[in-house]
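User: I'd like to learn how to read packing in a protein model. Could you walk me through it?

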Amino acid sequence: MKKSIVLVSAGFLAVVFMLSACKSAPKPVDEPKPAETPAAETVPAEPVKQGKPIDETLTALRDRAGELSSETKKYGIDTFMPDRWNDAESARKAGLDSYGIDYDTSKSAFENAIVLFESLIQDAFNQIAAELEALIVQARADAVAAGAPEYFPDQFALADESAESARSKKNDGDLSGSYDTAQIALMRYRTLINGMKALALKDSVDRNDFAQYAPEEYDQAHAEFDKATAAYGTADAVAYEASIEMLRLAYIVNNQGFKQWSFEEKTKADEIRALCDSIKAAKASKEAYARAQSAYTKAVAYGEANTWEQAYFAYTDSVTQFASVYQEVTLKRNAADLAITAAKARQQESTGLAQQADELAPLPENAEGFSDEEYILDENVPVEETK
């Protein structure tokens, strides 16, 4: 709607009051005379710039420049391309400063600002649109990989519809409309991705009975799921925020469950590691023990980072590896003990036989053919082959 400005010229009316003194009234004798005030120095006023009065054309230019400025701020273009935005905004300010004072200067400044703003918006949206398109393509691929088209077919179709609408608006030159619709498409895909992730966590929670460890968060997660489902397609920003909260709560419940399991696995790992240390397995099987200890250290780090699912599996891995080390070293020790025992038995048996033989037919000292050496072979005597 066009606005009209009515200029009202105001005139100033000088009223002079003439005070006349009564001739019959005598003047007080001892009344002091008031000091005379020096006249104030008169500063000549600057002449007002004369020009054409404000009309609908100038007002329309002012409003258009203001609309474009607001649009750039709405979409963050003022921070996306700050230098160019400052140039356009400075031109608009110059138009405002001369508005109602110098018609031609104000008109020229507004026209310049409009050109700068429009060029800035087009370039910014073209660049943003390319980035948005890449994000949409990736989000759609992630949603497909998560199984959203099969689990949420109608909602996935709505996301595809908004993505295609954004492309169509861009081709028609509706850059801001394309941007808004692309944002909706991106939110819809990401809402579906969050929904699929939350459902995967819920499956883990229900399968392992983890709800008992965080019952309030479990119930709240269901409420947020219902909220996201109801708002999807009509209030997509609300649906997206609900999906984020739903996923956060589902993670908390699942994490608490694995935290409890991790404590149990840590106890097992500590016990089996102590057994390994009791048989000095770190020396007997150095590399295998180091791998088991590395898994244990990772589990501790995951726990400190509050990522208990990873901590649980790392503790489980360390338990398995420490048990393997203990078994390996124990088998080696048992085999060595058996070998030592067998050797001792053979030695004792040989000593006993020698004692019996000496008792039955004692040998003279330094008898021929016998020596302190273990074996003596005469090279001149042929050795009969064993048949």
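User: Leaving aside neighbours within four places in sequence, which residues is alanine 288 in contact with?

Analyst: Happy to help, and please keep in mind that this model is predicted. For a contact, look for heavy atoms within 4.5 Å. Here, once neighbours within four places in sequence are set aside, alanine 288 is in contact with Gln321, Val325 and Glu328. You will find alanine 288 itself in helix H11, which covers residues 286-304.

User: How far apart are the C-alpha atoms of alanine 288 and serine 324?

Analyst: They are separated by 8.5 Å, although the two residues are 36 apart along the chain.

User: Is alanine 288 buried or exposed?

Analyst: The idea is to compare its relative accessibility with a cut-off: under 20% is buried. Alanine 288 has 14% relative accessibility, so it counts as buried.

User: And threonine 72, buried or exposed?

Analyst: Threonine 72 counts as buried because its relative accessibility is 0%. Its place is in helix H1, residues 56-74. Beyond its neighbours within four places in sequence, threonine 72 is in contact with Ile77, Asp78, Trp85, Phe117, Leu120 and Ile121.

User: What about the largest nonpolar core: how many residues does it have, and which have the most contacts inside it?

Analyst: A nonpolar core is built from buried residues of certain types, joined through side-chain atoms within 4.5 Å. The largest one here has 45 residues, and Ile77, Phe125, Ile136 and Tyr189 are those with the most contacts inside it. At least two residues of this core come from each of H1, helix H3 (82-97), helix H4 (103-146), helix H6 (153-171) and helix H7 (175-208). H4 gives the largest share, with 14 residues.

User: Which residues does phenylalanine 125 touch, not counting those up to four places away in sequence?

Analyst: Phenylalanine 125 touches Glu71, Tyr75, Ile77, Leu175, Ser176 and Tyr179. Apart from the largest core lies another, of 16 residues; Ala288, Tyr289, Ala314 and Phe322 are among them. That brings us back to the alanine we began with.

User: Zooming out, how many helices and strands does the protein chain have?

Analyst: The count is 12 helices and 0 strands. Of the chain's 387 residues, 30% count as buried. As for contacts between residues at least 6 apart in sequence, 75% join residues at least 24 apart.

User: And how much surface does the protein chain expose?

Analyst: About 26800 Å², with carbon and sulfur atoms supplying 55% of it.

Notes. Residues are numbered from 1 along each chain as its sequence is written. This is a predicted model: local features need pLDDT of at least 70, side-chain atom pairs count only at pLDDT 80 or more; totals for chains, interfaces and linings use all residues. Side-chain values use heavy atoms; hydrogens and water are left out. Helices (H or I, at least four residues) and strands (E, at least two) are DSSP runs, numbered from the N terminus. Buried means under 20% relative accessible area, exposed over 50%, partly exposed in between (1.4 Å probe, protein chains only). Accessible areas come from the Shrake-Rupley method with a 1.4 Å probe; for residues, only the protein chains shown count as cover.
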